[in-house]
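This report describes how selected helices pack, which residues form the nonpolar cores, and where certain backbone features occur. The sequence and structure are shown first.

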Amino acid sequence: SDLQEEGKNAINSPMSPALADVHPEDTQLEENEERTMIDPTSKEDPKFKELVKVLLDWINDVLVEERIIVKQLEEDLYDGQVLQKLLEKLAGCKLNVAEVTQSEIGQKQKLQTVLEAVHDLLRPRGWALRWSVDSIHGKNLVAILHLLVSLAMHFRAPIRLPEHVTVQVVVVRKREGLLHSSHISEELTTTTEMMMGRFERDAFDTLFDHAPDKLSVVKKSLITFVNKHLNKLNLEVTELETQFADGVYLVLLMGLLEDYFVPLHNFYLTPESFDQKVHNVSFAFELMLDGGLKKPKARPEDVVNLDLKSTLRVLYNLFTKYKNVE
């Protein structure tokens, strides 16, 4: 038993702090070295939590066939393994890197290769790249989030990122043996339009930004227009935001406007999953193209994600062409 006790102590002693009153940052920071961490209150912000959850779900959706489940961004992405798989899946390419690397040097080399591939993709956009090999490998959550948001924007991920997510970051620097801390604000997301919609601004942007009072008039006109046709099937719309999100009414509306029956095997009449709803809206978009309309500016995913502006754009498109159809 003595031997066992001694063995236990030998294993545990390197992990126990030698001096309780020594601040761990003191021992870890070199002179003039800087470390950043998110202020704990920012981590509790509902919008920040939502951003992390949306990105986690997105990564897990993309990597579902790889049987990879990411539970914590900083712990699961820092070594480059998951980032490699994510980029390969999104870009449809194969990176020339070692599959599994345990050593820190090997991990950083892998990260370097992955991030260079990311930079090659993003460089033409002229975006500021707010991450580095060291910050990602150092499990800097702000850097990891900047990287993921940029990837989601570039690949037009079918997700809705919460807008205007800003975090307070504590920056700790060691100067002349003393720790100095300061607070800075980091903007992680802006508006959906700026992040996902790379289209020129249109009348709906102006309407939302400068004339919200006129928005209700436009919505009423569109509701009257769609109900004039959907009433023929004993259907009625009261909420534009939600009732078109699953694509069913859009498909039926196209059939009514163009005067044909849409075979039920072409779409999901009672869609349950996100993918089924996206299928329906995409199918409705195809019917619009067949009817001679321009390709809608909105993405099917935006309509499914209850983005009112996208839904209004699609319906207004229909209204301008079919407003005189009885």
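## Helix 4 against helix 9

The crossing in which helix 4 passes helix 9 is left-handed. This statement, like the others in this report, concerns a predicted model. The two helices, helix 4 and helix 9, pack with their axes 11 Å apart and at an angle of about 60°. That angle makes helix 4 oblique to helix 9, because roughly perpendicular begins at 65 degrees.

On the side of helix 4, the contact is formed by F48, L51, V52, L55, W58 and I59. These residues meet L141, L145, L148, V149, L151 and A152 in helix 9. By class, the contact comprises 12 nonpolar residues, with no polar and no charged ones.

## Helix 4 against helix 6

Helix 4 also passes helix 6 in a left-handed crossing. Here the axes come within 10 Å and cross at roughly 65°. Helix 4 is therefore roughly perpendicular to helix 6.

In this contact W58, I59 and V62 of helix 4 meet V82, L86, K89 and L90 of helix 6. The residues divide into six nonpolar, no polar and one charged.

## The largest nonpolar core

The largest nonpolar core has 49 residues. Those with the most contacts inside this core are F48, L55, W58, I59, L73, I136 and L148. Two or more residues each are given to the core by helix 4 (46-62), helix 5 (73-77), helix 6 (81-91), helix 7 (104-122), helix 8, helix 9 (141-154) and strand 2 (166-175). Helix 9 supplies the largest share, 11 residues.

L73 illustrates the contacts made by a residue of this core. With its neighbours within four places in sequence left aside, L73 is in contact with V52, L56, I59, Y78, L141, I144, L145 and L148. Apart from the largest core lies another one, of 36 residues, and V251, F285, A298 and L312 are among them.

## Helix 6 and K85

Which residues of helix 6 are buried? They are V82, L83, Q84, K85, L86, L87 and E88. The buried residues of helix 6 pack against helix 4, helix 5, helix 7, helix 8 and helix 9. Just after helix 6, G92 takes a positive phi of about 65°.

K85, which lies in helix 6, has a relative accessible area of 15% and is therefore buried. Neighbours within four places in sequence aside, K85 is in contact with L63, E66, I68 and E99. K85 and V62 are 23 residues apart in sequence, and their C-alpha atoms are 9.3 Å apart in space.

## S135 in helix 8

S135 is found in helix 8, which covers residues 133-137. Its relative accessibility is 16%, so S135 counts as buried, the cut-off being under 20%. Not counting residues up to four places away in sequence, S135 touches N140 and A143.

## Helix 14

Helix 14 spans residues 248-258 and is mostly covered, with nine of its 11 residues buried. The buried residues are V248, Y249, L250, V251, L252, L253, M254, G255 and L257. One of them, V251, belongs to the core of 36 residues. D259 follows helix 14 and has a positive phi, near 65°.

## Positive phi in two loops

H164 is not a glycine, yet has a positive phi of about 50°. H164 is placed in the loop between helix 9 and strand 2. At 44% relative accessibility, H164 counts as partly exposed.

L306 likewise is not a glycine and has a positive phi, of about 65°. The loop that holds L306 runs between helix 16 (300-304) and helix 17 (308-322). L306 counts as partly exposed, at 45% relative accessibility.

Definitions and conventions:
Residues numbered from 1 in each chain as written. Predicted model: local features only at pLDDT ≥ 70, side-chain atom pairs only at ≥ 80, totals over all residues. Heavy atoms only, no water. Helix = DSSP H or I, 4+ residues; strand = E, 2+ residues; numbered from the N terminus. Buried < 20%, exposed > 50% of the residue type's maximum accessible area, 1.4 Å probe, protein only. Contact = heavy atoms within 4.5 Å. Core = buried A, V, L, I, M, F, W, Y, C linked by side-chain atoms within 4.5 Å. Axes fitted to C-alpha atoms, helices over the stretch in contact; angles between N-to-C directions. Parallel < 35°, antiparallel > 145°, perpendicular 65-115°, else oblique. Left-handed = near helix turned anticlockwise from the far one by under 90°. Nonpolar A, V, L, I, M, F, W, Y, C, P; charged D, E, K, R; others polar.
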